[in-house]
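Reader: I would like to learn how aromatic pairs are read in a model. Could you take me through one case with care?

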Amino acid sequence: MKKQFKAVILALVFGTVSGSAQVGYANNISGDRLAVNSAAEFSTFVKSKARKVSRKNDEDLKKYLEVVNLYHTSSVAFYNLNEAQKAEFMEASATISQKLNGLSRKEAKAWAQKVQLNKSVFEFIWSSKKSINTDAEMVELPSSVVAITSL
């Protein structure tokens, strides 16, 4: 009995460890497109390997990174950006994505896709704010509860 108990415990521990290792490995492969260090990596890539983009679009890059960093540091401030700031971000991300797609490096094209994905995700988040209805409808509930079925 003790051997079976130890075997079950060992199997559970091994399954838990290998499961979490697989999840960690899968996250490293696919990458979190909205990860905090992703913004730093993007900035480093643009400044070192895509200097043409960073020189000509420095303001767009600053606007884009500012909103992405705001998303990570203060979700409330990110959610409550005004329409002008949102429009600037959308324009900046479209410009950056277009310029990165124009480069011949595969890494630049991958970053362009990530920029486009961030733009789409942020646009969805902001558009969902408009669809949330805060008006509550009051409904009268019966004072006594009547059983639907009898057991």
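**Reading the aromatic pairs**

Author: Let us start from one residue: W126 is buried, with a relative accessible area of 4%, where buried means under 20% relative accessible area, exposed over 50% and partly exposed in between, taken with a 1.4 Å probe and protein chains only. This is a predicted model, in which local features need pLDDT of at least 70 and side-chain atom pairs count only at pLDDT 80 or more, while totals for chains, interfaces and linings use all residues. Residues are numbered from 1 along each chain as its sequence is written, and side-chain values use heavy atoms, with hydrogens and water left out.

Reader: What describes a pair of aromatic rings?

Author: A pair of aromatic rings is described by the distance of the centres and the angle of the planes. Rings of Phe, Tyr and Trp (its six-membered ring) pair if their centres lie within 6.5 Å, and planes under 30 degrees apart count as stacked, over 60 as edge-to-face and the rest as tilted. A search of the whole structure finds eleven aromatic pairs. In one of them, the ring centres of F89 and F122 are 5.4 Å apart and the planes stand at 40°, so this pair is tilted.

Reader: In which helices do F89 and F122 lie?

Author: F89 belongs to helix α6 (residues 83–101) and F122 to helix α7 (residues 106–131), so that the pair links distant parts of the chain, 33 residues apart; helices here are DSSP runs (H or I, at least four residues; strands are E, at least two), numbered from the N terminus. Both F89 and F122 are buried, and for F89 the relative accessible area is 1%.

Reader: What kind of aromatic pair do F89 and W126 form?

Author: F89 and W126 form an edge-to-face pair, with 5.8 Å from centre to centre and 90° between the planes. Because F89 lies in helix α6 and W126 in helix α7, this pair ties together parts that are 37 residues apart in sequence. Ring pairs also link residues into a cluster, whose members are F42, F45, Y64, Y71, F78, F89, W111, F122 and W126.

Reader: Where is confidence lowest, and where highest?

Author: The predictor's confidence in each residue is the pLDDT, from 0 to 100. Where pLDDT is low, the predicted coordinates should not be read in detail. In this chain, confidence is lowest in helix α1 (residues 2–30), at a mean of 58, and highest in α6, at 90.
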